[in-house]
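Biologist: I would like to go through this model and ask what stands behind each term. Could you give the value and the cut-off each time?

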Amino acid sequence: MADPHTKTEDLPPLHPNTTTTPLLDSNHTHHPEEQGLEIKDTQLDQTLQKLEAFLTLLGFNQTCIFSCILSWFAFVIIGVLLPVLVLVIFNCSDCDKFQIEGFELVIVGSQACLAAVSLLCLSHNLRKYGIRRFLFVDRYTGHMVRFRNDYINQIKGSFRLLLWWSLPCLLLKTIREVVRMLYVHHDSWWLSVSILLALVLSWTYASTITLTASILFHLVCNLQVIHFEDYGRLLERESDVLVFMEEHIRLRYHLSKISHRFRIFLLLQFLVVTSSQFVTLFEVTGYSGKITFINGGDFAVSTIVQVVGIIISLHAATRISHRAQALASLASRWHALVTSSSNDSSHNRNSNSTGNLEAANTINSLHLSYSESDLESCDYVSMPTNTQLASYMSSYHRRQAFVMYLQTNAGGITIFGWTVDRALLNTIFFIELSLITFVLGKTIVFSST
């Protein structure tokens with residue numbers, strides 16, 4: 001996947017006219033900018049290596065048959081068999097107030113299904129494309145010099161996001177298991193501690209796989225957001241419509257590839273989470289006894305992990321979809337400003353000098369006002385002369401065609417044709433919110449005895 005020995009892009013020679021001492025130039029002369037680029041390349045490679053090592057530890061790196069078998073063997077043993085055997089063998093028949101075997105097995109099943117979906121979909125993409133092409137940071141599809149620091153910051157931010165959500169859930173799970181251990185007594189204390197460690201280990205492994213898959217999708221989308229933000233600033237640097245078209249086609253191609261790679265994962269993730277919530281409702285409403293945090297708290301913990309994972313995925317997809325859709329508004333504003341500036345200049349040539357000064361001041365103030373924001377600014381277009389009037393309408397039609405193209409080709413993350421935008425997010429959010437509110441209301445209940 002990420003090769004630590006991959007060479008970076010060749011830089012132009014520092015002294016193109018010097019041909020007599022090539023060894024001296026190549027071995028003893030180092031330009032500060034070249035050294036800085038090499039350091040940045042090394043930092044990005046090291047960051048990708050750390051990410052790849054972490055994914056290998058969780059079993060996502062299935063580049064060969066041996067690693068694939070080892071990964072799924074570890075998943076079946078740690079994520080499925082270990083908690084099932086512990087719950088079945090050490091089940092307390094007279095401890096329904098503190099542990100309900102049916103609830104525990106349903107929770108293990110839902111966690112294992114969601115983790116299996118995450119592991120299957122993400123490992124397939126990583127095995128097929130590699131870590132660089134998977135993240136679109138290879139030198140052929142986005143590995144640009146000016147984006148390297150942003151890439152590194154986004155990857156590090158993904159690790160922080162994983163810790164931010166994993167640690168509180170792990171703490172809540174550990175507290176719940178400790179409290180249950182105090183009520184459910186076994187033959188010896190070391191057996192109780194072993195059961196606690198086994199259940200916490202299995203839950204942590206499955207939950208980390210689930211959250212990591214969602215955060216990887218979040219990372220891929222955030223890396224593309226960097227390019228969309230740069231596209232907004234492109235209107236300040238360029239005025240050629242063909243350049244805008246070429247860059248937008250490249251961005252849309254990347255969004256199409258991301259949608260194609262993750263559509264199965266997003267769809268299965270939503271179906272598994274929704275199905276597990278309905279099963280939880282059936283179990284809770286069908287149980288005739290009293291449900292407390294001790295015997296049903298795992299429902300709350302597993303629900304939090306599942307809903308957090310799907311919210312992370314949907315937030316990333318919606319964010320990049322809205323960035324893609326906002327480009328049409330940005331281009332329309334740019335087109336209007338350029339057209340207004342050109343029309344004002346043509347009208348001002350036939351007016352007096354006072355009118356010229358007032359019009360020029362108006363245009364300049366308009367440009368300064370919009371330049372306060374990178375995403376809402378435009379270039380100050382030079383005024384057309386008499387020789388440019390013939391080509392003015394051609395330029396206008398090119399800009400108009402470009403705006404119409406963006407309006408009809410907004411793009412975004414899609415799932416089999418449905419764009420993941422605010423409308424779809426609101427629908428999914430209220431469905432999941434209603435389910436999780438009911439589940440938490442039934443499980444977070446403390447007995448008064």
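Modeller: Contact here means heavy atoms within 4.5 Å. Keep in mind that this is a predicted model.

Biologist: Which residues does F217 touch by that rule?

Modeller: With neighbours within four places in sequence set aside, F217 is in contact with I258, F262, L266, S313, A316, A317 and I413.

Biologist: What part do F217, F262 and I413 play in the largest nonpolar core?

Modeller: That core has 69 residues, and F217, F262 and I413 are among the members that touch the most others, along with L122, L135 and F402. At least two core residues come from each of α2, α4, α5, α6, α7, α8 and α10. Helix α6 supplies the largest share, 16 residues. There is also a second, separate core of 10 residues, with W203, V305, V308 and I312 among them.

Biologist: Why are α3 and α4 called roughly antiparallel?

Modeller: The axes of α3 (residues 65-89) and α4 (residues 101-135) cross at roughly 175° and come within 10 Å. An angle over 145 degrees counts as roughly antiparallel, so the two helices are given that name. On the α3 side the contact includes W72, F75 and L87, and on the α4 side it includes E104, L105 and L119.

Biologist: What kinds of residue make the contact of α3 with α4?

Modeller: It has 14 nonpolar, two polar and two charged residues.

Biologist: What makes α4 and α7 roughly antiparallel?

Modeller: Their axes are 10 Å apart and the packing angle is about 175°. The cut-off is over 145 degrees, so α4 is roughly antiparallel to α7. The contact of α4 with α7 divides into 16 nonpolar, five polar and four charged residues.

Biologist: How do you know that E104 and R180 form a salt bridge?

Modeller: The rule asks for a side-chain nitrogen of Lys or Arg within 4 Å of a carboxyl oxygen of Asp or Glu. The closest N and O atoms of E104 and R180 are 3.2 Å apart, and the pair forms a salt bridge. E104 lies in α4 and R180 in α5, so the bridge ties together parts that are 76 residues apart in sequence.

Biologist: Why can such side chains pair at all?

Modeller: Opposite charges can pair when the charged atoms come close.

Biologist: Why is E104 called buried?

Modeller: Buried means under 20% relative accessible area. E104 has 3%, so E104 is buried. R180 has 4% and therefore counts as buried too.

Biologist: Which other salt bridge does R180 form with a residue of α5?

Modeller: R180 pairs with E177, with the closest N and O atoms 2.5 Å apart. Both lie in α5, three residues apart, about one turn of the helix. E177 has 3% relative accessibility, so E177 counts as buried.

Biologist: What makes R323 and E229 a salt bridge, and why are they called partly exposed?

Modeller: Their closest N and O atoms are 3.0 Å apart, and the limit is 4 Å. R323 is in α8 and E229 in α6, so this pair ties together parts that are 94 residues apart in sequence. Partly exposed lies between the 20% and 50% cut-offs. R323 has 26%, so R323 is partly exposed, and E229, at 25%, is partly exposed as well.

Biologist: Which residues are joined into one network by salt bridges that share partners?

Modeller: They are E104, K173, R176, E177, R180 and D298.

Biologist: How many salt bridges does the rule give?

Modeller: The count comes to 10.

Notes:
Residues are numbered from 1 along each chain as its sequence is written. This is a predicted model: local features need pLDDT of at least 70, side-chain atom pairs count only at pLDDT 80 or more; totals for chains, interfaces and linings use all residues. Side-chain values use heavy atoms; hydrogens and water are left out. Axes are lines fitted to C-alpha atoms, for helices over the stretch in contact, and angles run from 0 to 180 degrees between N-to-C directions. Helices (H or I, at least four residues) and strands (E, at least two) are DSSP runs, numbered from the N terminus. Angles under 35 degrees count as roughly parallel, over 145 as roughly antiparallel, 65 to 115 as roughly perpendicular and the rest as oblique. Ala, Val, Leu, Ile, Met, Phe, Trp, Tyr, Cys and Pro count as nonpolar, Asp, Glu, Lys and Arg as charged, and the others, Gly among them, as polar. A nonpolar core is a set of buried Ala, Val, Leu, Ile, Met, Phe, Trp, Tyr and Cys residues joined through side-chain atoms within 4.5 Å. Buried means under 20% relative accessible area, exposed over 50%, partly exposed in between (1.4 Å probe, protein chains only).
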